Amino acid sequence: MTAFDPVRIGIVSVSDRASSGVYEDKGLPALKDWLQRALRNPLTFESRLIPDEQAGISTALIDLVDAGCSLVLTTGGTGPALRDVTPEATLAVAHKEMPGFGEQMRQISLAFVPTAILSRQVAVIRERSLIINLPGQPKAIAETLEGLRNADGTQAVPGIFAAVPYCVDLIGGPYLETDDAVCKAFRPKSAVRSI
């Protein structure tokens, strides 16, 4: 049996109030919990809780990529408010933009709230890392990553994470193994690693 590749993942919560201690951050625990349920690989997390400052966000993303994180997930700062600058900070460090991720997240969220069209999540590639901006609420994080299920538990709308492992493959990252009960990764047959 092949051992699962170890994976280093960057998780970033962007919030002026949480980073200054006004309230407890819920984004980092939500990201960590979901990833631990969804992935079978040995995981190492690099966490950052930072304010809504564009230069600081960009610096954190570059640092996480340089530290060997093949996947970096951010939460918060993607709305239209003046202090919401996570997408700008993410695009500033991008080598390639991956617009399908943001489009699919908004599509999923529209099933719940009409204000999903106000969210500006983006995803990019920097070197051998995939960086994805997620929504700020823990419930919305899980919905966009996992997708929507019918009453009988079958997948109605795929979540964005189904495409993440193959994207990471294509940019030279580790082979991500998902727990199909949480989120089934999609790969072309030629890209599936036999166990």
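## Surface patch and salt bridges

Leu110, Ile117 and Leu118 make a nonpolar surface patch of about 280 Å². The model shown here is predicted. One member of the patch, Ile117, sits in the loop between α5 (99-110) and β5 (123-126). Ile117 counts as exposed because its relative accessibility is 61%, and exposed means over 50%.

**Salt bridges**

The whole structure holds 11 salt bridges, according to a search. Three of them are set out below, with the N to O distance for each pair.

| Pair | Distance, N to O |
|---|---|
| Glu46 and Arg8 | 2.5 Å |
| Arg120 and Glu88 | 2.7 Å |
| Asp33 and Arg37 | 3.4 Å |

Take the pair Glu46 and Arg8, joined by a salt bridge. This pair links distant parts of the chain. Glu46 lies in strand β2 (residues 43-50), and Arg8 lies in strand β1 (residues 7-14). They are 38 residues apart. Glu46 has 22% relative accessibility, so it counts as partly exposed. Arg8, at 29%, also counts as partly exposed. Which residues share a network of salt bridges with Glu46? They are Arg8 and Arg48.

Next come Arg120 and Glu88, whose side chains meet in a salt bridge. This pair, too, links distant parts of the chain, 32 residues apart. Arg120 is in the loop between α5 and β5. Ile117 of the nonpolar patch has its place in the loop between α5 and β5 as well. Glu88 belongs to helix α4 (residues 86-92). Arg120 is partly exposed, with a relative accessible area of 26%. Glu88 is partly exposed at 31% relative accessibility.

Asp33 and Arg37 form a salt bridge within one helix. Both residues lie in helix α2 (residues 27-38). They are four residues apart, about one turn of the helix. Is Asp33 buried or partly exposed? Its relative accessible area is 40%, so Asp33 is partly exposed. Arg37 counts as partly exposed at 37% relative accessibility.

**Thr59**

Thr59 is found in helix α3 (residues 54-66). Why does Thr59 count as partly exposed? Its relative accessibility is 43%, and partly exposed covers the range between under 20% for buried and over 50% for exposed. Thr59 and Gly79 are 20 residues apart in sequence. In space, C-alpha to C-alpha, Thr59 and Gly79 are 20 Å apart.

How values were computed
Residues numbered from 1 in each chain as written. Predicted model: local features only at pLDDT ≥ 70, side-chain atom pairs only at ≥ 80, totals over all residues. Heavy atoms only, no water. Helix = DSSP H or I, 4+ residues; strand = E, 2+ residues; numbered from the N terminus. Buried < 20%, exposed > 50% of the residue type's maximum accessible area, 1.4 Å probe, protein only. Patch = residues over 30% accessible without salt bridge, like charges linked within 9 Å, V, L, I, M, F, W, Y side chains within 5 Å. Areas by Shrake-Rupley, 256 points an atom, 1.4 Å probe, with all protein chains shown as cover. Salt bridge = Lys/Arg side-chain N within 4 Å of Asp/Glu carboxyl O.
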